[in-house]
Every structure is written in structure tokens, then in C-alpha cells.
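Q: Here is a chain to go through term by term. What backs each label?

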Amino acid sequence: MESSTTPGGRTRREATRQKLYEAAVTLIAEQGFSATTVDEIAERAGVAKGTVYYNFASKSVLFEELLRHGVGLLTASLREAAERTAREGCGKVDALDAMIRAGLVFIDRYPSFTQLYVAELWRTNRAWQSTLMVVRQEAVAVVEDVLREGVDNGEFSDEIDVPLTAAALVGMVLVAALDWQAFQPQRSLDDVHSALSRLLQGRVSGRR
């Protein structure tokens with residue numbers, strides 16, 4: 001996960017945090033949260049153990065911030081896709097389709113993070129559960145906005161359950177992408193996007 005650069009010391013700190021995020025997400029994906037130690041995260045990141053605690057109060061705080069950081073990147077990519085289609089004068093179906101592709105691109109780039117994120121959604125005993133619910137809603141809300149705009153301009157039926165439909169679309173992309181990577185890795189991103197695009201538009205019969 002790349003961070004934007006800023007002048008001075010902040011760039012160095014962001015670069016260090018980036019290394020820690022990448023080390024943590026890789027190790028936790030490999031061996032689980034409980035089995036991963038701060039020593040291992042520091043070693044994988046190529047920094048001293050004290051650097052971890054300088055940036056994060058604990059391993060739990062590091063993981064909570066990792067979730068916030070990762071889902072924030074996903075949310076930004078979804079929002080940018082929606083805004084780009086709006087600038088191009090496209091409809092809301094096109095916006096949703098662009099968001100599906102943006103989600104697939106994100107998951108393809110950060111598969112380990114996505115696996116962790118989906119796994120954590122189903123846990124209820126984590127200290128960061130409330131944070132996870134907040135950042136999840138931020139991502140879903142971007143899709144909700146597009147759906148509401150489509151309802152308001154008559155492009156979508158006003159009978160659509162906006163919150164549930166938005167959650168279903170986000171869930172569809174997450175689950176389909178993980179299935180793609182785990183069981184159908186030979187398929188291209190374009191191929192997977194095309195399949196989900198047809199599903200979005202209700203054309204699942206295979207007719208063009």
C-alpha cells in the first residue's frame with residue numbers, strides 16, 4: 001500500500017509506517033494475528049522493535065490502524081471511480097461498473113489485506129471491531145451515494161433498498177475477487193470484471 005509523499009520528516013514516518021503495514025499484513029495473513037509477534041513485524045519491516053512502538057502503542061493498535069489505512073485506500077479508489085464517471089457525463093450504472101473495476105484492481109493489488117479484512121468482518125471478539133464497522137460503512141456509503149443519485153434521477157427504481165444493495169455490491173466484489181484469486185487465478189482481471197459487469201446489469205443469461 002503506497003502512501004503519498006510529503007516534505008520533511010513526515011515522509012520518513014509515513015514510509016516507516018508503510019513498511020510496518022506491509023510486514024504486519026503479510027505475517028498475519030501467513031500465521032494469524034495471535035501467532036504474529038512485534039519482533040517478527042519489526043524484523044520483516046527491517047526496523048528496530050522500538051520503532052514499532054514509536055509508531056504504534058501496541059500490536060493491536062498497529063492492526064487497527066492497518067485496517068483503517070487499507071479500507072481507506074479502498075474507499076478512496078471507489079470514490080475516485082464514481083467521480084471520474086460523473087466528470088465524463090456517464091450514468092450511475094457506469095459509475096457502479098467503474099467502482100466494481102476499482103474494487104477488483106484494489107483487491108488484485110492487496111490480496112493479503114483483503115483476505116484479512118474479510119476474515120475480520122466475521123469476528124466479534126476483537127478490540128478493533130467498532131473501528132472495522134466504521135471504516136466498512138465509509139466504503140459502503142460511497143456506493144450508497146451513487147445508488148441514491150440514480151434513484152433520484154430516475155435511472156434506478158425507487159423500490160431499491162439502497163443500504164442493502166450497496167452492501168451486496170461491495171460484498172459481491174470482495175467474495176468474487178477472493179474466489180478468483182484462490183480458485184480461478186488463470187482468469188484475467190478484465191475477464192472477472194466483465195462477468196461482474198454483466199451481473200450488475202442483470203444480464204446473467206449470457207446474451208449480449
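A: Start just past helix α4: Gly89 follows it, with a positive phi near 75°. The model is predicted, so local features need pLDDT of at least 70, side-chain atom pairs count only at pLDDT 80 or more, and totals for chains, interfaces and linings use all residues. Residues are numbered from 1 along each chain as its sequence is written, and side-chain values use heavy atoms, without hydrogens and water.

Q: What makes a helix count here, and how many helices does the protein chain have?
A: A helix is a DSSP run of H or I with at least four residues; a strand is a run of E with at least two. The protein chain has nine helices and zero strands.

Q: How do you know that the span of α4 agrees with its 29 residues?
A: The expected span is 1.5 Å times one less than the number of residues. For α4 (residues 59–87) that gives 42 Å, and the end C-alpha atoms are 42 Å apart, so the two agree.

Q: What is the bend in α7, and where is it?
A: The bend is the angle between axes fitted to the seven residues ending at a residue and the seven starting there. By that rule α7 bends by about 25° at Val140.

Q: Why are residues of α7 called buried, and which are they?
A: Buried means under 20% relative accessible area, with a 1.4 Å probe and protein chains only. Val140 meets this, and so do others including Leu132, Val143 and Gly150.

Q: What do the buried residues of α7 pack against?
A: They pack against α4, α5 (92–109), α6 (111–121) and α8 (162–183). Contact means heavy atoms within 4.5 Å.

Technical notes: Buried means under 20% relative accessible area, exposed over 50%, partly exposed in between (1.4 Å probe, protein chains only).
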